[in-house]
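Student: Could you take me through one part of this protein slowly, and then show me what else sits around it? I'd like one connected explanation rather than a list.

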Amino acid sequence: MDLEASVRQAASGDLDAFADVTRRFQHMAFGYALSFVRDFQEAEDVVQEAFVAAWYSLPTLAEPAAFAAWLRSIVRHQAHRVLRRKQLEVVPLAAVDALPAEVVAADHRLERRQEIGAVFAAIADLPRTLREVVVLFYVHDCSQQDIATFLGLPLTTVNNRLHAARTQLKKRMVTAMKHTLRAHQLPDDFAARIGWIVRARESVIEARFDPASLPDVLTELAVSDEPRQRAVTLQVIQRLGNGVVRCVATSPISSLSPGMTVLSSGREIATPVSREAFDRIVQLLAASSLAPGALVPTGIKVIDVMCPLVAGGTLAIAGEWKAGTAVVLEELVRRLSGGTDRVSIFTFVPGGGTMTYREMMEKEGYSDGTVGAVQTFFFRREDGPWTPESLATLTGVDVVIRLSEALGRLGIYPTVDPLTSRSRLLESSALGPEHLEIAERVRQSLALLVPGGPEGDTLAVARARKLQRFFAQPFFCAEPYTRRHGVTVSLSDALRGCREILDGIHDDVPEQAFYFTGGIAEVLNGAAQT
């Protein structure tokens, strides 16, 4: 079998193919290692560690024909590790040419040591505490300080465990057999939890993981800041393609750079991003328009009238627990993703539920990434209710939609609060005067329903209640639960309905006829049938 075919088979998990590859390159690897460490025993150790690392990393090798050069870089890196431990000078690369390539060809001891099944079987049989540090150090290229940070251990403990593991591995390496690996797969999940930074822009970081085990949105990650011997905490806000997640820092950082190791905790983060950092993050991810633009119709009455979206702009969904945050987000993605106007949605997700947000998204079959013209980002929100003061800090976005648990208790879905939601379009001359006038009149009318708000006569309050119910509307993504078909209402029809309710044209129509329906024509049709 030619080399490229063997490498491809090995990358797919074929141990026999990898054993064939190691036999081809074992002498080259040994000679290359020896040129650095100048010690036969240490060169054997370097090659052993290099082949273990190569096996785990082989699926990431894009071009099988480049295997030789790729393996040399791994051997070189492992050799440098040995030299750093001994505090020796690194031998110049030019010295490689002067060394023989087949120093130990006679006794084949290295071939025996490089039996990859034996290596993994021995690792699998280590105690859990030792296995963790071995996998992180030898397989995933984490430094001792990285491991100490990720596992929450003193550095001396990590060093002691590495020494103990190395001693046990040497004792077991000769007797462990390849079939043992197949019967004892490594039980820990570090292979899926380790990633590497591929891009960093201030507090926005992108990291690559195994595509089959991509961290969920809102997952907490840790990066080891070796100079300061501390962990930098990240939060996954978006899952991209090709095994990449986009994250933001929730703790102070000085500098993170590509190549640094990242560990996924596997749990949802509890620490929210500060409001000061949020505005800067919005600028980095999807620069807010900060200027009046065209309205993007959603077909959702309360949004189009009271907090219209901006073409090419940004939206923050300020969700409360049990206010249907995921439903509103999913409906917006469904309605807008097929359009041509880009919209970036930043969703603040409340905590405190019985299942994680990701579990809930998967249960409902909702999307959590970029779909068509819509890109979505997820943030853990601070504890406590949204107040006018906290909403006022969200200055870096074009639109804020606040979802109210209180409206949910009244059965008003979507739970968009027209009094605390806002849009830059309503603060400019980009919309027609009729729209601006109706939105202001609606705001004044709904204020009559707020406890402690202005008082109004019986007729004014009745009209306000009809407006509130008129803004309840069936969603497409909620059809399995509401047993009602989703409804799209044009902006002109939504404005007409609000105006006619405010003007008293439908004072004789029962309040219930306005609830959870479409445009005003559907309201009147329903009233006529009751």
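Tutor: Let's start where strand 1 (residues 194-201) meets strand 6 (residues 261-268): the two pair in the antiparallel sense, and three bridges join them. To find the spot on screen, look for G195, which stands opposite V262 in strand 6. Keep in mind that this is a predicted model.

Now zoom out a bit. That pairing belongs to a closed barrel of six strands, which runs 1-2-5-4-3-6 with antiparallel pairing. Going from one strand to the next, the twist averages 45°.

Next, see what leans on those strands. Helix 8 lies across strand 3 (219-225), strand 4 (230-239) and strand 6, and runs at about 145° to strand 3. Helix 12 (residues 275-285) packs on the sheet too, touching strand 1, strand 2 (204-208), strand 4 and strand 5 (244-249). The direction of helix 12 makes about 60° with that of strand 2.

Stay with helix 8 for a moment. This helix covers residues 144-151 and is mostly covered itself, with six of its eight residues buried. The buried ones are Q145, D146, I147, A148, T149 and F150. Just after helix 8 comes G152, whose phi is positive, near 70°.

There's another sheet to compare with the barrel. This one is an open sheet of five strands in the order 11-10-9-12-13, and its pairing is mixed. Strand 11 (374-380) and strand 13 (422-423) stand at the edges with a single partner strand each, so one side of each has no neighbour in the sheet.

You can walk across this sheet pair by pair. Strand 10 (residues 343-349) and strand 11 run parallel and are joined by seven bridges; V343 stands opposite V374 in strand 11. Strand 9 (residues 314-318) and strand 12 also run parallel, joined by four bridges, and here L315 stands opposite V399 in strand 12. Then the sense flips: strand 12 and strand 13 pair in the antiparallel sense over two bridges, with V399 opposite S423 in strand 13. So what about the faces of strand 12 (residues 399-402), are they covered or open? Both are covered, with V399 and I401 buried on one side and V400 and R402 buried on the other.

Last stop: a pair of helices. Helix 19 (residues 458-470) and helix 21 (residues 491-502) pack at an angle of about 165°, and their axes are 9 Å apart. That angle is why helix 19 counts as roughly antiparallel to helix 21. Their crossing is right-handed. Helix 19 brings R463, K466, L467 and F470 to the contact, while helix 21 brings A494, G497, C498, I501 and L502. Sorted by class, that contact has six nonpolar, one polar and two charged residues.

One more residue of helix 21 deserves a look, and that's E500. With a relative accessible area of 11%, E500 falls under the 20% cut-off, so it counts as buried. Leaving out residues up to four places away in sequence, E500 touches I505, H506 and I520.

Conventions:
Residues numbered from 1 in each chain as written. Predicted model: local features only at pLDDT ≥ 70, side-chain atom pairs only at ≥ 80, totals over all residues. Heavy atoms only, no water. Pairing = 2+ DSSP bridges. Buried < 20%, exposed > 50% of the residue type's maximum accessible area, 1.4 Å probe, protein only. Axes fitted to C-alpha atoms, helices over the stretch in contact; angles between N-to-C directions. Contact = heavy atoms within 4.5 Å. Parallel < 35°, antiparallel > 145°, perpendicular 65-115°, else oblique. Left-handed = near helix turned anticlockwise from the far one by under 90°. Nonpolar A, V, L, I, M, F, W, Y, C, P; charged D, E, K, R; others polar.
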